[in-house]
Amino acid sequence: MATDIAKTRDEIQSEVFEWLKTTRYASTSLEPLTGGSANFIHKATLTSPLDDGSIEVVVKHGEPYMAVAPANMISIARCVSFLGENAGSSDWQLIQQNIEAQCFKALSDFTVTQEVDSHATDQVVTFHASVRTPKLLLYDDLTNTQVMEYLPKSTNLKAYINWHLNSAAPAELKSQCHALGKAIGQYISAFHHNTDAKLRETLKANSQMQSLKHMINYDWMLD
């Protein structure tokens with residue numbers, strides 16, 4: 001049974017905590033975070049701050065089963081770039097690189113800044129919206145663990161609108177939400193348009209995660 005070989009969350013947290021001690025991201029504490037289904041996610045409070053002053057990072061760790069349901073086995077291939085039997089020797093150097101990590105590397109330097117002029121009032125108001133993803137700081141292919149930038153004040157457009165907008169909300173705020181939505185849309189479109197061929201082939205090869213995402217996002221929803 002899968003549950004017989006699955007580690008407890010406490011065991012995984014302890015192992016990740018010890019692994020961090022061998023890196024620049026040694027921590028004083030490790031706190032489980034909610035969200036996600038396949039990986040174990042923690043917030044680490046660093047022993048010493050990073051160069052930018054940050055004292056917290058996100059640590060994601062993968063096991064050969066789903067974090068939310070250890071009985072459901074998932075090949076660790078979700079963390080590996082299988083490029084096919086005919087791949088060249090240089091291609092095989094990518095085999096141990098986490099696919100998600102590769103995505104974050106591609107996204108790290110990709111930012112879209114959107115300016116929208118609003119005529120909601122008799123004055124023109126320009127909104128500035130910048131969209132980017134958290135930066136990947138470290139990936140270890142031996143432990144399938146990655147360290148990422150922690151953005152504690154982040155939110156999504158739906159939550160932002162639900163929190164701020166109501167029937168009495170000023171037109172200027174509605175225009176701001178429109179600007180945010182447009183910036184997010186342009187970011188997604190631009191990234192897909194500019195993604196290099198190597199990353200596309202890497203993602204294409206990971207058929208298991210494609211099937212898993214399809215099941216979660218579509219099959220479960222219909223059921």
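This section describes the fold, the burial of residues, the enclosed and open spaces, and a surface patch of a predicted model.

The secondary structure of the protein consists of seven helices and seven strands. Along the sequence, these elements are arranged in the pattern α-α-β-β-β-α-β-β-β-β-α-α-α-α. Of the 223 residues in the protein, 35% are buried.

Burial was examined further in helix H3, which spans residues 99-108. Seven of the 10 residues of H3 are buried, and the helix is therefore largely enclosed by the rest of the structure. The buried positions of H3 are Ile99, Ala101, Gln102, Cys103, Phe104, Leu107 and Ser108.

A search of the whole structure for cavities of 30 Å³ or more returned one. The volume of the largest cavity is about 40 Å³. Its lining is formed by Arg9, Gln13, Pro32, Phe40, Ile41 and His42. Two elements, helix H2 (9-20) and strand S2 (40-46), each contribute at least two residues to this lining. The greatest contribution to the lining of the largest cavity is that of S2, with three residues. By residue class, the lining of the largest cavity comprises three nonpolar, two polar and one charged.

Among the pockets, the second largest has a volume of about 150 Å³. The residues that line the second largest pocket include a group from the stretch of sequence beginning at Leu50, namely Leu50, Asp51, Asp52, Ser54, Glu56 and Val57. Lys135, Leu137, Glu149 and Tyr150 also line this pocket. In terms of residue class, the lining of the second largest pocket holds five charged residues, together with four nonpolar and one polar.

On the surface, a nonpolar patch is formed by Tyr218, Met221 and Leu222. Together, these three residues present about 400 Å² of accessible area. Leu222 belongs to helix H7, which covers residues 207-222. The relative accessibility of Leu222 is 70%, and because the threshold for exposure is over 50%, Leu222 counts as exposed.

In summary, helix H3 is largely enclosed by the rest of the structure, whereas Leu222 of the nonpolar patch is exposed. The largest cavity is lined in part by residues of helix H2 and strand S2, and the lining of the second largest pocket includes five charged residues.

Note on methods
Residues are numbered from 1 along each chain as its sequence is written. This is a predicted model: local features need pLDDT of at least 70, side-chain atom pairs count only at pLDDT 80 or more; totals for chains, interfaces and linings use all residues. Side-chain values use heavy atoms; hydrogens and water are left out. On a 1 Å grid over the protein atoms alone, a cavity is a set of points where a 1.4 Å probe fits but cannot get out, and a pocket is an open set with protein on both sides within 12 Å along at least five of seven lines; lining residues have an atom within 4 Å of a point. Grid points are joined across faces, edges and corners, and a volume is the space filled by probe spheres set on the points. Ala, Val, Leu, Ile, Met, Phe, Trp, Tyr, Cys and Pro count as nonpolar, Asp, Glu, Lys and Arg as charged, and the others, Gly among them, as polar. Helices (H or I, at least four residues) and strands (E, at least two) are DSSP runs, numbered from the N terminus. Patches are made of residues with over 30% relative accessible area and no salt bridge: like charges are joined within 9 Å, nonpolar side chains (Val, Leu, Ile, Met, Phe, Trp, Tyr) within 5 Å. Accessible areas come from the Shrake-Rupley method with a 1.4 Å probe; for residues, only the protein chains shown count as cover. A salt bridge is a side-chain nitrogen of Lys or Arg within 4 Å of a carboxyl oxygen of Asp or Glu. Buried means under 20% relative accessible area, exposed over 50%, partly exposed in between (1.4 Å probe, protein chains only).
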